[in-house]
Amino acid sequence: MVLIGPSFFFLIRTAMNRGFVSGASFAFGIIISDFLLIMAIYFGLADFFETTIFQQVFSIVLGIIILVSGIVLLSKKHIVYNVDITPANNNFLYIVKGFGINILNPFTFMIWIGILG
């Protein structure tokens, strides 16, 4: 699954500015955070996923949140990016950045709940 969000754009920018290995390290951090989120959601919310009320209400609420956030993001005039000042040879830092950006994004959590639900 490929979603266009902050992790995706930072991944492209990292790979273009710092090279393939740094981009792959960042992507590995994203994969680790997605795996941990999937496991936490699946084992923590498995009982709720089986109720039809949860499925219907959560689907409607999640759809409205994603629609509103898309409208808000499309209405912005421009995006300002900060300059990346991390050293190019510290790939562990890119794994941590990928993990942090992806796990701190609340929409990643909501999307995985929606998919697993």
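**Reading a six-helix model, one residue at a time**

Biologist: I would like to begin with a single residue, so where does Ala 15 lie?

Modeller: Ala 15 has its place in helix α1, and, since we are working with a predicted model, everything I say about this residue is computed from the modelled atoms. Its relative accessibility is 32%, so Ala 15 counts as partly exposed, given that the partly exposed class runs between the 20% limit for buried and the 50% limit for exposed.

Biologist: Which residues does Ala 15 touch, leaving out those up to four places away in sequence?

Modeller: With those neighbours set aside, Ala 15 touches Phe 20 and Gly 23. A separation between C-alpha atoms can be read alongside such contacts: Ala 15 and Ala 27 are 12 residues apart along the chain, and their C-alpha atoms are separated by 9.6 Å.

Biologist: How many helices and how many strands does the protein chain have?

Modeller: The protein chain has 6 helices and 0 strands, and the pattern read along the sequence is accordingly α-α-α-α-α-α. Of its 117 residues, 24% count as buried. To see how the chain folds back on itself, one looks at contacts by sequence separation, and here residues 24 or more positions apart account for 79% of the contacts with a separation of 6 or more.

Biologist: How should I read a helix such as α2, and what is its reach from the first C-alpha to the last?

Modeller: One compares the span with the value expected at a fixed rise for each residue. Helix α2, residues 20-44, has 25 residues and reaches 36 Å, close to the 36 Å expected at 1.5 Å a residue.

Biologist: Which residues of α2 are buried, and what do they pack against?

Modeller: A general idea helps here: an α-helix has 3.6 residues a turn, so residues three or four places apart point the same way. The buried residues of α2 include Phe 26, Gly 29, Ile 30, Ser 33, Asp 34, Leu 37, Ile 38 and Ile 41, and the buried residues of this helix pack against α1, α3, α5 and α6. Leu 36, by contrast, also has its place in helix α2, yet at 41% relative accessibility Leu 36 counts as partly exposed. The C-alpha atoms of Leu 36 and Phe 99 are separated by 10.0 Å, although these residues are 63 apart along the chain.

Biologist: Which residues make up the largest nonpolar core?

Modeller: The largest nonpolar core has 6 residues in all, namely Leu 37, Ile 38, Ile 41, Phe 49, Trp 112 and Ile 113. Two elements, α2 and α6, give two or more residues to this core, and α2 gives the most, with 3 residues.

Biologist: What does helix α5 look like from the inside, and which residues does Gly 98 touch?

Modeller: Gly 98 is found in helix α5, and its relative accessibility is 0%, so Gly 98 counts as buried. Beyond residues up to four places away in sequence, Gly 98 touches Phe 26, Gly 29, Ile 30 and Ser 33. The C-alpha atoms of Gly 98 and Ile 31 are separated by 8.4 Å, with their positions 67 residues apart along the chain. Asn 102 lies in the same helix, which covers residues 91-104, and, with a relative accessible area of 5%, Asn 102 is buried, because that value is under the 20% limit. Leaving out residues up to four places away, Asn 102 touches Ser 7, Ile 30, Ser 33, Asp 34 and Thr 108.

Biologist: How do I read the surface, and which residues form the nonpolar patch?

Modeller: It helps to take the whole chain and then the patch. The protein chain exposes about 8,200 Å², of which carbon and sulfur atoms supply 75%. On that surface, Ile 53, Val 57, Val 61, Ile 65 and Phe 107 form a nonpolar patch with about 420 Å² of accessible area together. The largest share, 4 residues, comes from helix α4, residues 52-74, while Phe 107 lies in helix α6, residues 106-116. Phe 107 is partly exposed, with a relative accessible area of 32%.

Definitions and conventions
Residues are numbered from 1 along each chain as its sequence is written. This is a predicted model: local features need pLDDT of at least 70, side-chain atom pairs count only at pLDDT 80 or more; totals for chains, interfaces and linings use all residues. Side-chain values use heavy atoms; hydrogens and water are left out. Buried means under 20% relative accessible area, exposed over 50%, partly exposed in between (1.4 Å probe, protein chains only). Contact means heavy atoms within 4.5 Å. Accessible areas come from the Shrake-Rupley method with a 1.4 Å probe; for residues, only the protein chains shown count as cover. Patches are made of residues with over 30% relative accessible area and no salt bridge: like charges are joined within 9 Å, nonpolar side chains (Val, Leu, Ile, Met, Phe, Trp, Tyr) within 5 Å. A salt bridge is a side-chain nitrogen of Lys or Arg within 4 Å of a carboxyl oxygen of Asp or Glu. The expected span of a helix is 1.5 Å times one less than its number of residues. A nonpolar core is a set of buried Ala, Val, Leu, Ile, Met, Phe, Trp, Tyr and Cys residues joined through side-chain atoms within 4.5 Å.
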